[in-house]
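The exercises below are meant to be worked through with the sequence and the coordinates at hand. Each one sets a task and is followed by a solution in steps.

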Amino acid sequence: MKRLLMFIILIMSFTRVDAIAQQTIFFDSFETGAFNSTFWRPIPGPNNGVVQVGLDNTTPAEFFSVIMGKNNDGGGNNTNELQLHLDLSGREQVALTFFVKSFFDESGPFDAFYLSDNGGASFAPRAYQFRTGDWVQNAWGMLPPIDIDGLARDLGLKLTSTFVISFRQFGTGDFNTGGDEDGLIFDAIRVEKPNTTYISRFPFSDGFESTRLDSMWKWANPTYPALTTEAGTLRIEGVAGVSTTRPHNAFYSVFLGKRADGQPTTSALDLHLDLSAPQIKRVTLRFWIADFFDDTQDYDALYFSNDGGESFFKLYQLTPSNWQDNVYREIVVNVSDSVAAHKLKLTNRCIIRFQQFGTADFDTGGEEDGIFIDDVSVVVDFNSAVENKGRSIPDVFALEQNYPNPFNPSTQISFALPSAQKVTLKVFDLSGKEIATLLDNEPKAAGTYELTFDAKNLPSGVYLYKLRAGEYFATRKMILLR
């Protein structure tokens, strides 16, 4: 149980940290103990309906949450509604996230949310159904970020100054545990603009030592807009995040799995890549993966999209049942050959989706499922001898993750300058001792640069490389492994 609790805390931390990189449009954890009337319109159902903010000693966000249900079992069926009124005019990308708990709520067509672009005067058909009866009951969970602008587009709606998201709950029972219960509880409702970056400088490498999923990664919805899993297997128990529990090297890795045992659930993580350069000859994906007693399922796989996630094909089947449990192995995938075999092209909106399907959590109670992924890299080979660097002036300063990482004995360090600067690049050990100087206040024109660091005389360990270019400073970790 302690192990499961640790994973729940980790995914909550991931959600908060990742939100820092987003543009928050609206957030409410209801800690005032009441609805803010500027945004919220609670509409209790006529048959003993309840829509209220209440104290909750189990909530993942401090003390209060929103309760939707009934005062008592009498009066028959009941539909409660909670409207969130927002000004979304001029927005292009909008995502919705929230914590939710089903109090033995049965699945019904009205357990859902609806959208309106005219202040609630009318609502489009159901935008998103909550399959509450299939969730683990009386336990908090989350769904991946929900694509509000995409759903609105599909329903013929516009993002307006009078946009409404209507949360609805349907049931016949109250919150007493007498064998007839119904209710939904919400908390930490957030509406934001996702900060998604399509990586265009290669090689790309990520060992997740930034302690979070950076902007090229996204916790993915495997059912919308394209289906990469069995219908109905997106449940609130799914998790994707950064963990210290089982890294391949250094301190951090990514995990995909479930919060709690229950019905089959699909978890997915998307890596966004701009592969549109015409000189690209070959694209190779490398990563290390360990299965946590994961059984092979058809949906344990990598998927590829060249249209920003509107459609996918299966890129590579994962077979964890054939692997030794809890032991990392490297997988190498020729992405470009698979794309060509499907008669598709590499574009500036490519996605590689890492996907896990399972029924159990990470607790060691005899029934476990999950995977860990670390040291992901994408290597691009070009048709000419001219490399990708220096072809265009970068928009921003950047210090890239070294490649390969881990390395032995040499590795490449790349950085980008949007303007001419004097550049210093040094390597240190973890005690702060300077190990090497690669550049010492050297004038450099705007462009992208790559240097080789040779560590043939150094022992295995974690090292830091630090870049200073004008007023820009950046530090990254790298691992020498002999």
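**Exercise 1. Place the bridge partner of F113 in its sheet, and give the order and sense of the strands.**

Step 1. In this predicted model, the bridge partner of F113 is Y128, which belongs to β8.

Step 2. Strand β7, covering residues 112-116, is joined to β8 by two bridges, and the two strands run antiparallel. Two strands count as paired when there are at least two bridges between them, so β7 and β8 meet that cut-off with their two bridges.

Step 3. Widening the view, the order β2-β5-β11-β7-β8 describes an open sheet of five strands with antiparallel pairing. Its edge strands are β2 (40-43) and β8 (128-129), each of which pairs on one side only.

**Exercise 2. Find the salt bridge between R168 and E81, and state which parts of the chain the pair ties together.**

Step 1. The side chains of R168 and E81 form a salt bridge with an N to O distance of 3.6 Å, which lies within the 4 Å cut-off.

Step 2. R168 is located in strand β11 (residues 163-171) and E81 in strand β5 (residues 78-86), so the salt bridge ties together parts that are 87 residues apart in sequence.

Step 3. To judge the surroundings of the pair, take the limit for buried residues as under 20% relative accessible area. R168, at 16% relative accessibility, counts as buried, and E81, with a relative accessible area of 13%, is buried as well.

Step 4. Both strands also appear in the order of the five-stranded sheet from the previous exercise, where β5 is written next to β11.

**Exercise 3. Describe two further salt bridges and the accessibility of their residues, then give the total count.**

Step 1. K426 and E434 meet through their side chains in a salt bridge of 3.5 Å, taken from N to O. K426 counts as partly exposed at 22% relative accessibility, and E434 is likewise partly exposed, with a relative accessible area of 38%.

Step 2. A salt bridge also links E442 with K444, where the closest N and O atoms are 3.1 Å apart. E442 counts as partly exposed, its relative accessibility being 31%.

Step 3. The count for the model comes to 11 salt bridges.

**Exercise 4. Is N402 buried or exposed, and what surrounds its side chain?**

Step 1. N402 is found in the loop between β24 and β25. Strand β25 covers residues 410-417, and it pairs with β24 in the antiparallel sense over two bridges; within this pairing, L399 stands opposite F415 of β25.

Step 2. These strands belong to an open sheet of three strands in the order β24-β25-β28, with antiparallel pairing. The edge strands, each pairing on one side only, are β24 (398-399) and β28 (447-454).

Step 3. With a relative accessibility of 0%, N402 counts as buried.

Step 4. The side chain of N402 makes a polar contact of 3.4 Å with the side chain of N405, and another of 3.1 Å with the side chain of T411.

Step 5. When residues up to four places away in sequence are left out, the residues that N402 touches include S205, F407, Y465, K477 and M478, as well as T411, Q412 and I413.

**Exercise 5. Locate M142 and relate its separation from I236 in sequence to that in space.**

Step 1. M142 lies in strand β9, which covers residues 141-142, and at 2% relative accessibility M142 counts as buried.

Step 2. Although M142 and I236 are 94 residues apart in sequence, their C-alpha atoms are 4.6 Å apart in space.

**Exercise 6. Characterise the overall fold of the chain from its totals.**

Step 1. The protein chain contains three helices and 30 strands, and 53% of its 482 residues count as buried.

Step 2. A compact globule of 482 residues would have a radius of gyration near 23 Å, and the 24 Å of the protein chain agrees with that expectation. The C-alpha trace spans about 80 × 50 × 50 Å along its principal axes.

Step 3. Among contacts with a separation of 6 or more, 75% are between residues 24 or more positions apart.

Step 4. The protein chain exposes about 20,200 Å², of which carbon and sulfur atoms supply 48%.

How values were computed: Residues numbered from 1 in each chain as written. Predicted model: local features only at pLDDT ≥ 70, side-chain atom pairs only at ≥ 80, totals over all residues. Heavy atoms only, no water. Helix = DSSP H or I, 4+ residues; strand = E, 2+ residues; numbered from the N terminus. Buried < 20%, exposed > 50% of the residue type's maximum accessible area, 1.4 Å probe, protein only. Polar contact = N/O pair within 3.5 Å; in protein donor to acceptor, adjacent residues only side chain to side chain. Contact = heavy atoms within 4.5 Å. Rg over C-alpha atoms; globule rule 2.2 N^0.38 Å. Areas by Shrake-Rupley, 256 points an atom, 1.4 Å probe, with all protein chains shown as cover.
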